[in-house]
Every structure is written in structure tokens, then in C-alpha cells.
Amino acid sequence: MDIEDLAARIEAGERRALARAITLVESGRADHREQATALLDRLRGGGREGLRIGLSGTPGVGKSTFIEAFGMMLTAQGLKVAVLAVDPSSARSGGSILGDKTRMERLSRDRNAFIRPSPAQAQLGGVARRTREAIGLCEAAGFDVILIETVGVGQSETMVADMSDLFLLLLAPAGGDELQGVKRGIMESADIILVNKADGELKSAATRTCADYAGALRLLRKRPQDPEGFPKALTVSALEEAGLAKAWQEMLALVGWRREAGQFDARRSEQARHWFEAEVREGLLARLRQEPVRGAMAALAQRVEQGDLSPARAAEEILQTYLRGFAGKGS
């Protein structure tokens, strides 16, 4: 693969080249990883920077509907929008439906939009392992806003907050009272809570739910990256496209404050360090799955099954052997 040619086509905004590059970074093959790293190094430092917005919520809350309506509003303003949607993978077959383009039919036809579904595979936290690299590719391709939609499985999806500038939590009306809203984890990571489906018979329920969560947010400890009044809760209707403009203005206000306060760049630097450490951990785990460590683990596992060795002792033995070999290679 001609990395220089692919990089030039990405910088020219060629969507097919972008799709091919994301496929490359998602590949687990050793030769593909080398090419992907070379491509990312070539594109790094190009000066292009998009606004990264992570979005999570429980299944059925209307994430795809919201993203389509929100994305269409942004493209109408002349902005280029990329959507990186992570679909859950089957624990049995490992397959994914990848149906986000079908659910976002209008946005998928928009010339200023790019939608890329990816399987979560075995990755926890609601995002795929290479989502952060895909974000960098989209920025290099000139996209102004990158929306990262998580799997949507519950309270543990905080990983997307470590790769985005803003983290939106989408909730349904009547989803819990104020006490229910004071859940740690995903609630503490949210910058803006959007109560969707604020239309028709659910409008009054959405207003009450929004007030409940607004009260709950006031009980949380204030974060240094937030100005007065944030995080906050708002009502939106993706179906009627109501409240989207206000939500966008609040996002811009928060980003503007963070830039002036130096929080924006500091957060991106912290995120880069976090993902460096994550890559090291993933790389170590990958080596554990390779020979000769894999064979040694299988032999020890058999002794554990037979009761000859405790799991803790076997783990300590393999780690000491592995770390000695790792240190030897580095010296």
C-alpha cells in the first residue's frame, strides 16, 4: 500500500480513502498495524482539528435519530460531520449488524457527512479499540465535528469521555427521579445531559425528568473543567428537531470557555497520555497470546485445572517469566 498516496487522498477529503484508512487501522494483522502506524505518523501534526463529541445512552433512547437530526442541522450550517458508530458484537459469533447507515438514511446521503459503523468486538467501554485512531483520520480529512456513538449498554461507558472534547448523555423521559440521577460513573463524566423525546405526550414527562437530572447534577462535586452552570440538563426532540440549536449553542459555549481557560488543550494532552498507556497495556496482553507465552500459559492452565497449582501462583509464575524475557529484550 502506498501510504503517501493514501495520506494525500485523505487530506484532500476523499471519502473512499478515509474509509479504506479506517479499515486499515482496525485490522489486527501485524503488517497492517505497521502501515497504519506509518499512516498516522504521516498525518499527525497537519494542523487540522475537529470538535470531538462523544454520545452515549441506553438502547432505545433514540441515539441514531438524534445524531441524524443533529448532524443534518450542522451540515446545513456548512460544517462537515463524521459519525463513528460502534455496534455491539455477538459474544458467540463475534459478528455485528452495523446498521447505523440504515438508521441514518438522510444523513448518509448528505455530501458533508461521513458515517462509519465499527464492531465493538471484545472491547469494553462502549467503543472499539481503534476508535481514537479513526478520529484522527477524520480530522485529517477535514471534518469539523466528529460524533462518536457508543454501543449504549449502561453505566460503564465512560471510555468515550477519554477520547472526546464533549461527552453527551442521552436519556429518555421518566427514566428516574433525582436520586436515580446521582449515579456515579457515566453521570460524573457527562458534560451535558439531553432528555430526548420531548414531544407529544412525553413532553411534560421529559420536562420533569430534565428538572430531576438538573437537580441531581447540582449535587455532584464541581469539576475544574466546568464553568458556572455546567454540567447541565436540556430537553430535545430529535423527531421534531426541537432544542437542537440550543444544545449546540451550549456545547459551543462550553468549548469556548474551556479554550480560554486552557482546559481544552490540557484535556487533550491528558487524553493522549491515557491512550499511550492503554496501548502499552493492550500490547502486553497481545504478547501473552503469542508463542512461547501462549504455550506456557496453556501448560500452567492445565496444572491449575488439575489442582496442582493455585491460579494466583500460576499467574505470578507466567508474569515473572514474561517480564524477565521482556526486560532482556529491552536491555
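Which residues do ring pairs link into a cluster? In this predicted model, the residues that ring pairs join in this way are F66, F70 and W248, and the close-up views below begin with them.

**View 1. Aromatic cluster of F66, F70 and W248.** Three aromatic pairs are found when the whole structure is searched. In one of them, formed by F66 and F70, the ring centres are 5.4 Å apart and the planes make an angle of 10 degrees, so the pair is classed as stacked, the cut-off for that class being under 30 degrees. F66 and F70 belong to helix α4 (residues 63-76), where they are four residues apart and thus separated by about one helical turn, and both of these residues are buried. F70 also pairs with W248, here in an edge-to-face arrangement with 5.8 Å from centre to centre and 70 degrees between the planes. Because F70 lies in helix α4 and W248 in helix α11 (residues 244-260), this pair ties together parts that are 178 residues apart in sequence. The relative accessible area of F70 is 1%, which makes it buried, and W248, at 5% relative accessibility, likewise counts as buried.

**View 2. Charged side chains over the rings of F230 and F264.** K232 lies over the face of F230, at a distance of 4.6 Å from the ring centre. In the other example, R259 is placed over the face of F264, at 3.9 Å from the ring centre.

**View 3. Helix α3 and its buried face.** Helix α3 (residues 30-43) has 14 residues, which at 1.5 Å a residue should span 20 Å, and the C-alpha atoms at its ends are indeed 20 Å apart, in agreement with that expectation. The buried residues of α3 are R33, A36, L39, L40 and L43. When α3 is seen down its axis, these buried residues fall within an arc of 125 degrees, so they line one face of the helix. The face turned away from this buried side carries A30 and E34, which are exposed. Among the elements that cover the buried residues of α3 are α1 (3-11), α2 (15-26) and α7 (131-140). Just after α3 comes G45, whose phi is positive, at about 80 degrees.

**View 4. Surroundings of R268 in helix α12.** R268, a residue of helix α12 (residues 263-288), has a relative accessible area of 12% and is therefore buried, the cut-off being under 20%. The side chain of R268 reaches the backbone oxygen of G50 at a distance of 2.8 Å. When residues up to four places away in sequence are not counted, R268 touches E49, G50, R52, E139 and D165, so that G50 appears both among these contacts and as the partner in the 2.8 Å approach to a backbone oxygen.

**View 5. P59 in the loop between β1 and α4.** P59 is placed in the loop that runs between β1 (51-57) and α4, the helix that also holds F66 and F70. With a relative accessibility of 61%, P59 counts as exposed, whereas F66 and F70 are both buried. Although P59 and L171 are 112 residues apart along the chain, a separation of 9.8 Å is found between their C-alpha atoms.

Technical notes. Residues numbered from 1 in each chain as written. Heavy atoms only, no water. Phe/Tyr/Trp six-rings, centres within 6.5 Å; stacked < 30°, edge-to-face > 60°. Helix = DSSP H or I, 4+ residues; strand = E, 2+ residues; numbered from the N terminus. Buried < 20%, exposed > 50% of the residue type's maximum accessible area, 1.4 Å probe, protein only. Lys NZ or Arg CZ within 6 Å of the ring centre and 35° of its normal. Expected span 1.5 Å × (residues − 1). Arc of directions from axis to C-beta. Contact = heavy atoms within 4.5 Å. Polar contact = N/O pair within 3.5 Å; in protein donor to acceptor, adjacent residues only side chain to side chain.
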